[in-house]
Amino acid sequence: MNTFLQLTVNGLGKGAVFALLALGFVIIFKATEVVNFAHGSLVLFGGYLVVVTRDALGWVGASLAGIVSAGLLGLVVERLLLSRSRHADANSLALLTIGVDVIVTEEIVRRLGVTLPFLGGAWDAKPFQLGGITLFRTHLVALGVAAVLITAFWLAFKYSNWGVAMRAQAENREAAALMGIRSSRVTATAWLVAGLLAGVAVLFIATQDFSGAGLSRGTHSIALAAFPAAILGGLDSTAGAVVGGLVVGLVEALSAQYVSFDFSKSAVFLVMLVVLVVRPSGLFGTRERTRV
C-alpha cells in the first residue's frame, strides 16, 4: 500500500507538469484550431535561457528569464509566421509549426553539445520520508505551482476580457469578429500564455527527480508526452487538459512500477487510444472531430 501511495503522489506531481503543457496545447487550439507541434521547442528554449543566464542572474532570475523568453518565442512565432499565413488551413499551419520545432530544437541541441545541465532548484534530488512514503520535493513543488497557475488561468479565462474574447472566438470566430473582438490579439495572447507555461514546465522536467536527465533532446521528447494528455482530455477543453495531464502522470508512474519502465511510455498512448475509441472527442471535448 505504501508503494501505491508513493507512486500516486509522485505520479500526480509529474501529471501536474504534463497538465501545464497540455493546457498550452489546448489554449492555442481553442484560439486558432491549429495543433502546435512546436511546443517542445518552446520548452527547450526556455530551459536553454535558464542555463546561459544562471551564473549571472542566479537561479530565480534565470528561471524568470527562461519563462519570459519561452513566452516571447511563442509570440514571435505567431506574429512573424502564423499571423502572416492566417488564410492557410489548419493542416498547413500545423506543418509550419513542425518546421519551427525542428529548427529551434536542433539549434539548441547543437549549442548544448555534450552538456546535460540540470535545472532543478534547491529542492531537487532531496527526497524525504512521510509516514513510510518516500516523496520527491520536485513533484510536490510542481503540484503546488501547477495548482496556483491553473487556478489563475481559470479565473482569467472565466472573468477577464481576454478569457471572454477567447471563449467567444472558440465558439464562433466570425460572430466574435462582428462583435468587435480582435482575433489577432486573442491569438497572440494564447501563444504567449502557452509559451509561459512551457517555460515553467521545463524547470521541473530537466531535474533529477522528474526525468533523471538534464536539458537535452530527451527533454523535448518528454514535453511531447503532454500531447496525448491534451488529446485524451479533449483538444478544445481546458479542464480536459488538466485531467488528461494528471491521468498521463499516473499511468506512467504506475505502469513503470507494476509492468515495466519501457511499457510505461506506450501505456500512455494505449490509454489515449482506448478513450478515443469510446469517445472520439476526448473525455471533456465537445467536437466530434478535431482538425490536425
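This report walks through the fold, overall size, surface and annotated spans of the protein shown above.

The model is predicted, with local features needing pLDDT of at least 70 and side-chain atom pairs counting only at pLDDT 80 or more, while totals for chains, interfaces and linings use all residues. Residues are numbered from 1 along each chain as its sequence is written, and side-chain values use heavy atoms, leaving out hydrogens and water.

Let's start with the fold. The protein has 11 helices and two strands, where helices (H or I, at least four residues) and strands (E, at least two) are DSSP runs numbered from the N terminus. Along the sequence the order is α-α-α-β-β-α-α-α-α-α-α-α-α.

Now to overall size. The C-alpha trace spans about 60 × 50 × 35 Å along its principal axes. Buried residues (under 20% relative accessible area, 1.4 Å probe, protein chains only) make up 48% of the 292 residues. Of the contacts (heavy atoms within 4.5 Å) with a separation of 6 or more, 76% join residues 24 or more positions apart.

On the outside, the protein exposes about 13400 Å², and carbon and sulfur atoms supply 66% of that area, by the Shrake-Rupley method with a 1.4 Å probe.

Finally, the UniProt record (an unreviewed entry) places the feature "transmembrane region" at several spans, including residues 12-29 and 267-286; such annotations may be inferred rather than shown by experiment. Here is how those two spans look in the model:

| Span | Distance between end C-alpha atoms | Helix | Strand |
|---|---|---|---|
| Residues 12-29 | 25 Å | 100% | 0% |
| Residues 267-286 | 25 Å | 60% | 0% |

Technical notes
Buried means under 20% relative accessible area, exposed over 50%, partly exposed in between (1.4 Å probe, protein chains only).
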